[in-house]
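Welcome, and please take a moment with the sequence and the 3D view before reading on. The report below starts with one residue and then widens to the rest of the chain.

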Amino acid sequence: DAQESRGLGDVYKRQVYLFVFDEWSYERTFTDGKPETAFPNLAKLAMRSVVFHDAHSPGEDTANSMPALLFQTDLRPVMKNGQIGFERDGCMVRTSELECLFSVVAERRYRRIMIGAFLPYQAWLGDQVDVCRSYCYYPRADGVLSQVTIHGFNAVSYLTDPWSVLVHAKLKTRMNDRQILYVHERTRNDAIAIIRDQPAATFAVIHYMLPHE
């Protein structure tokens, strides 16, 4: 009966989704405390939301701000000798010694999900999440042939003749754009699937790479 009661209680738990949009500009979004007319959907959301007009990123770039946000700390993230953590007085503080956002719902039987890109979130969060996906921001190879192609293409960047430099620059932009679009598509699909298919008791943090690039 107790197990059945706990399962019934999960149905009434609210889903919690935290979206982090990369490089979103407050100055380009708000004028006199109101969203620009170019963002009608955002304006509708703001009308029924709590809007903070004096909020700041915890770091100057993604590599610093996302770990600081997830672990709610002002310590600087560091990666040394294959270990990930934060620096305090010259010493490494491992992530296992700190509570993260997911710790808040750990004992409330929420399904904990982390979706993002650019950072190795699985290494940061470990078993503090049930599902973790992190997409590489740069072109990756799927097999041996793809690896050879990418390494060969990157080697061209070291050539000095003008034709190689020109061709490499144009193709590199296309390759990078294709990878960025792939990351956006996968993140969007994951977000939709989480909202549509996951149980009510779900806590998800989604690091969205839009409008970056």
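Phe21 counts as partly exposed, at 36% relative accessibility; the word covers values between the buried range (under 20% relative accessible area) and the exposed range (over 50%), found with a 1.4 Å probe and protein chains only. Phe19 is also partly exposed, with a relative accessible area of 29%. The rings of Phe19 and Phe21 form a stacked aromatic pair, 6.1 Å centre to centre and with 15° between the planes. Here, rings of Phe, Tyr and Trp (its six-membered ring) pair if their centres lie within 6.5 Å; planes under 30 degrees apart are stacked, planes over 60 are edge-to-face, and the rest are tilted.

Before going further, a word on the model: it is predicted, with local features needing pLDDT of at least 70 and side-chain atom pairs counting only at pLDDT 80 or more, while totals for chains, interfaces and linings use all residues. Residues are numbered from 1 along each chain as its sequence is written, and side-chain values use heavy atoms, with hydrogens and water left out.

Phe19 and Phe21 also belong to one aromatic cluster with Trp24, Phe39 and Tyr208. The structure holds 12 aromatic pairs. Another of these pairs is formed by Phe71 and Phe86: the ring centres are 5.6 Å apart and the planes stand at 65°, so the pair is edge-to-face. This pair links distant parts of the chain, with Phe71 in helix α3 and Phe86 in strand β5, 15 residues apart. Phe71 is buried at 3% relative accessibility, and Phe86 is buried at 0%.

**The chain as a whole**

How many helices and strands are there in the chain? There are 6 helices and 9 strands; these are DSSP runs numbered from the N terminus, helices being H or I over at least four residues and strands E over at least two. The C-alpha trace spans about 75 × 45 × 40 Å along its principal axes. Of the 213 residues, 31% count as buried. Contact means heavy atoms within 4.5 Å, and among contacts between residues at least 6 apart in sequence, 56% join residues at least 24 apart.

The chain exposes about 14,800 Å², of which carbon and sulfur atoms supply 54%; such areas come from the Shrake-Rupley method with a 1.4 Å probe.

**Inside the cores**

In soluble globular proteins, nonpolar side chains tend to be buried together. A nonpolar core is a set of buried Ala, Val, Leu, Ile, Met, Phe, Trp, Tyr and Cys residues joined through side-chain atoms within 4.5 Å. The largest one in this model has 24 residues, and those with the most contacts inside it are Leu70, Phe71, Phe102, Met114, Tyr121, Leu125 and Phe203. Helices α3 (62-71) and α4 (121-125) and strands β5 (83-88) and β9 (202-211) each supply at least two residues of this core. A second, separate core of 7 residues includes Ile113, Ile115, Ala191 and Tyr208.

Which residues does Met114 touch, leaving aside its neighbours within four places in sequence? Among them are Met66, Leu70, Phe102, Tyr121, Leu125, Val205 and His207.

**Two residues of helix α6**

Gln179 lies in helix α6 and is buried, with a relative accessible area of 14%. Leaving aside neighbours within four places in sequence, Gln179 is in contact with Cys136, Tyr137, Tyr138, Pro139 and Arg140. Ile192 is found in helix α6 too, which covers residues 162-197, but Ile192 is partly exposed at 43%. The C-alpha atoms of Ile192 and Pro35 are separated by 25 Å, with their places 157 residues apart along the chain.

**Backbone details**

Two residues that are not glycines have a positive phi, and the table sets them side by side.

| Residue | Phi | Place | Relative accessible area |
|---|---|---|---|
| Glu23 | about 65° | loop between β1 (16-22) and β2 (30-31) | 56%, exposed |
| Asp32 | about 55° | loop between β2 and β3 (34-35) | 78%, exposed |

One more backbone detail is found at Leu210 and Pro211, which are joined by a cis peptide bond with omega of about 0°. Pro211 has its place in strand β9.
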